[in-house]
Amino acid sequence: MSDAAIKPQHDATPAMIKGSSEPKGESTETAITAKNFSAWYGDFQALHDITLEIPKNRVTAFIGPSGCGKSTFLRWINRMNDTVAIAHASGTLHMGDTDLLAARTDVVDLRRKIGIVFQKPNPFPKTIFENVAFGPRLHMRISRRELEELVEWALRKAAVWNEVKDRLNGPAFGLSGGQQQRLCIARAIATGPEVLLMDEPCSALDPASTLAIEDLIYELREQYSIVIVTHNMQQASRCSDKTAFFFEGKLIELGSTLQVFTKPTHKQTEDYVSGKFG
Ligand SMILES: Nc1ncnc2c1ncn2[C@@H]1O[C@H](COP(=O)(O)OP(=O)(O)OP(=O)(O)O)[C@@H](O)[C@H]1O
């Protein structure tokens with residue numbers, strides 16, 4: 001398949017990202033900016049005055065003990081908390097000029113630009129093909145042939161094409177957990193997002209599938225700005241460029257992954273990354 005066919009939505013080709021898994025320096029551009037962002041569930045404050053920049057085309061790991069607010073932050077970035085009546089927030093969250101918190105912001109369009117992959121693979125009860133085609137059908141006006149090309153492109157990019165190419169019309173639920181998770185990544189990238197949020201994407205997977213997904217995450221950062229929530233310190237150190245450590249709803253430290261793991265500035269970070277708690 002030619003990547004040129006789908007260039008309008010995806011301007012880097014697989015060839016451009018191949019062999020690119022080298023550590024990268026500081027990104028000069030920012031994907032998401034939070035300023036004095038706080039979030040509550042009713043009276044309970046889950047996030048306190050978070051100010052941070054998520055760099056473009058890098059992987060940022062969110063780490064911290066259970067309940068420190070990592071998922072809450074992701075959920076606010078793509079407006080999942082719209083359905084939680086008691087959730088409210090203050091401060092600002094922006095992607096470029098887009099105010100992620102504004103009522104006027106088109107949430108469907110926002111979720112096209114900010115994809116999310118959850119802890120447990122959650123394919124639709126449809127065929128493999130239809131899982132990936134669903135978003136593009138909703139957001140793009142493309143021919144059947146272009147749609148087929150796009151589905152193949154996304155499945156290749158998510159490193160699952162070879163395993164599913166002969167069963168595209170088979171049920172997604174027939175795939176293994178690791179394959180389902182890569183299918184969900186293909187589904188998330190098929191609409192051409194700018195940001196990919198991953199909430200513990202490997203926690204339900206075996207070690208081999210986990211490594212495959214980590215390699216994939218590291219490669220995908222050529223094209224996407226990625227945030228991964230993980231409890232796995234090795235995973236954060238293997239596949240992220242930057243690491244943010246949260247504790248009790250506060251951002252304690254954000255720095256290069258190397259710095260956070262080898263020379264953390266805060267004692268709490270040091271204790272957490274060295275396994276003393278959490
Ligand atoms: N829908 C909700 N209603 C009320 N409280 C909530 C809700 N969702 C999360 N919380 C609370 O907000 C706090 C932060 O939760 P969150 O899921 O963001 O933490 P986390 O760091 O992602 O945890 P984990 O690592 O266990 O997934 C927790 O105390 C949690 O109980």
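This section describes the annotated domain, the main sheet, the ligand shell and the elements around them in a predicted model.

According to an unreviewed UniProt entry, residues 32-273 carry the annotation "domain: ABC transporter". In the model, the C-alpha atoms at the two ends of residues 32-273 are 25 Å apart. Helix accounts for 38% of this span and strand for 27%.

An open sheet is built from six strands, arranged in the order β6-β7-β8-β3-β9-β10 with mixed pairing. Its edges are formed by β6 (114-117) and β10 (250-256), each of which pairs on one side only. On average, and with direction ignored, neighbouring strands of the sheet are turned by 15 degrees against each other. At the β6 edge, strand β6 runs parallel to β7 (residues 195-199), and four bridges join the two. Glycine 115 has leucine 196 in β7 as its bridge partner. Helix α8 (residues 207-220) lies across three strands, namely β3 (59-63), β7 and β8 (225-229). Relative to β8, helix α8 runs at about 145 degrees.

Strand β9 (residues 242-247) is joined to β3 by four bridges, and these two strands run parallel. Within this part of the sheet, phenylalanine 62 is found opposite alanine 244 of β9. The pairing of β9 with β10 is antiparallel and comprises six bridges. Here phenylalanine 247 is placed opposite lysine 250 of β10. The two strands β9 and β10 form a hairpin, with two residues between them. In the turn, glutamate 248 has a positive phi of about 50 degrees.

Burial was also examined along β9. Because six of the six residues of β9 are buried, the strand is largely enclosed by the rest of the structure. In a regular strand, side chains alternate between the two faces of the sheet. In β9, Lys242, Ala244 and Phe246 point one way, while Thr243, Phe245 and Phe247 point the other way. Both sets are buried.

The shell around the ligand consists of Tyr41, Phe44, Ala46, Gly64, Ser66, Gly67, Cys68, Gly69, Lys70, Ser71, Thr72 and Val84. Two elements, β2 (44-55) and α2 (70-77), each give two or more residues to this shell. The largest share, three residues, comes from α2. By residue class, the shell comprises five nonpolar residues, six polar residues and one charged residue.

Helix α2 is itself mostly covered, with seven of its eight residues buried. The buried residues are Lys70, Thr72, Phe73, Leu74, Arg75, Trp76 and Ile77. Among them, Lys70 and Thr72 also belong to the shell around the ligand. Just after α2, a positive phi of about 65 degrees is found at arginine 79.

The loop between α2 and β4 (87-95) contains aspartate 82. Aspartate 82 counts as exposed because it has 12 C-beta neighbours inside 10 Å, the cut-off for an exposed residue being 12 or fewer. The C-alpha atom of aspartate 82 is separated by 9.8 Å from that of alanine 103, which lies 21 residues away along the chain.

Key
Residues are numbered from 1 along each chain as its sequence is written. This is a predicted model: local features need pLDDT of at least 70, side-chain atom pairs count only at pLDDT 80 or more; totals for chains, interfaces and linings use all residues. A residue is near a molecule or strand if its C-beta atom, placed from the backbone, lies within 6 Å of it. Ala, Val, Leu, Ile, Met, Phe, Trp, Tyr, Cys and Pro count as nonpolar, Asp, Glu, Lys and Arg as charged, and the others, Gly among them, as polar. Two strands pair if DSSP finds at least two bridges between them. Axes are lines fitted to C-alpha atoms, for helices over the stretch in contact, and angles run from 0 to 180 degrees between N-to-C directions. Two residues are in contact if their C-beta atoms, placed from the backbone, lie within 7 Å. UniProt positions are given in the numbering used here, feature names are shortened, and annotations may be inferred rather than shown by experiment. A residue is buried if 20 or more other C-beta atoms lie within 10 Å of its own, exposed if 12 or fewer, and partly exposed in between; C-beta atoms are placed from the backbone.
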